[in-house]
Amino acid sequence: MSKTTDPIALREWIVIGAITDVPQGVPYRTRLLGQEIVCLRHGDAFQVHEVDGDLTSQRQVQVRTRYGHVWVCLSDEARPMIEVAEFVDPRRRMITWGGVYVRTSPQRLVENFLDMGHFPFVHTGILGAEPVTEIRDYKVEVRAEDAEVWATECMFYQPRASMAADAGRDTAYIYRTSGPFVAVLYKTAEEEGAVDNIGMLVQPLDEEHCRVFGYTLLLEEDTSDTEALHFQQTVFLQDRLILEQQTPRRIPLYEKNEIPARADAASVGYRRWLRAVGMQFGVLPQQVKEGSLQ
Ligand SMILES: [Fe+2]
């Protein structure tokens, strides 16, 4: 596949790796929105070029390091990057987990991240358990100059909400998407009144192949980095199994009667946002019926 022409996708800042993933002085090759790119790192300076099939450098593109990751934008008119206030909280420590290849569209990944309905069935005994499968009502709204969808007041019973949890409890969630490829959640932490912050940063290689990066900003001190990493990996690998079985890989966003497979208010809000901005990359094109002028 060649580089997408969808301006919505092209204007996004997209993660291509944790900063520690990119080696010094060795070309780091990857793909983004159907475009081959090469990243070169010298110290803390990064340069990224689009390359053609012979790896000949073409256009230089924008690159930034933030939130522990390397972000690239293929357009000269980048949309502002997500602001996550918890990153400046010195009590938190960041664990990065990622680089996991998943054969699906970026929108399926984000939608799965937003979906509490699958917890009891996919993350049984960890993030959910039968028979407690009810989703209680919560609010969905668009914020940040129409760039973000927020789902608030989400509440779910979890047998083991985190590595440090020693008993089941009701867990409060806030979900937030920024553009089509970044999703962040806030959930009740073990410390009284505190919330953990977890982000999923999708690198769409093309419309149906992605790499997924993520971070956890932890407050608790009892959990080691390795334990927290294993917890996230266990959860995400359960998701991957389900995601790769979903068909079609691209969401049929513009079909009138299409209902999300596991509909809930957050994914409905995300789909509404995708439609409102006219997203084309990663979704099935609008069906044009024969004989109609649509
Ligand atoms: Fe999941």
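These questions and answers walk through a predicted model, its metal site, its cysteines and its backbone. Local features need pLDDT of at least 70 and side-chain atom pairs count only at pLDDT 80 or more, while totals for chains, interfaces and linings use all residues. Residues are numbered from 1 along each chain as its sequence is written, and side-chain values use heavy atoms, with hydrogens and water left out.

Q: Which residues are the protein donors of the iron ion?
A: Donors are N, O and S atoms within 2.8 Å of the metal (3.2 Å for Na, K and Ca); water is not among the atoms, so sites may look incomplete. Here the donor atoms lie 2.0 to 2.5 Å from the iron ion. Two are NE2 atoms of histidines, and D239 gives OD twice. The residues are H118, H123 and D239.

Q: What is the geometry of the iron site?
A: Four donors count as tetrahedral if all angles lie between 85 and 135 degrees; four count as square planar and six as octahedral if opposite donors are over 155 degrees apart and all others between 65 and 115; anything else is irregular. The four donor atoms of the iron ion make angles of 56 to 149°. The site is irregular.

Q: How are the donor residues of the iron ion spaced in sequence?
A: The spacing is H-x4-H-x115-D. H123 and D239 link distant parts of the chain: H123 is in the loop between helix 3 (119-122) and strand 8 (139-143), and D239 is in helix 4 (residues 225-243). Helices (H or I, at least four residues) and strands (E, at least two) are DSSP runs, numbered from the N terminus. H123 and D239 are 116 residues apart.

Q: Are H123 and D239 buried or exposed?
A: Buried means under 20% relative accessible area, exposed over 50%, partly exposed in between (1.4 Å probe, protein chains only). By this scale, both H123 and D239 are buried.

Q: How many disulfides are there?
A: A disulfide is a pair of cysteine sulfur atoms within 2.5 Å. The sulfur of C73 is 15 Å from the closest cysteine sulfur, in C39, so it is too far for a bond. The count is zero.

Q: Which residues does a cis peptide bond join?
A: Most peptide bonds are trans. In this cis bond, omega is about -10°. P248 lies in the loop between helix 4 and helix 5 (265-277). The bond joins T247 and P248.

Q: What is the phi of L55?
A: L55 lies in the loop between strand 4 (45-51) and strand 5 (57-66). At 40% relative accessibility, L55 is partly exposed. Its phi is positive, though L55 is not glycine. The value is near 65°.
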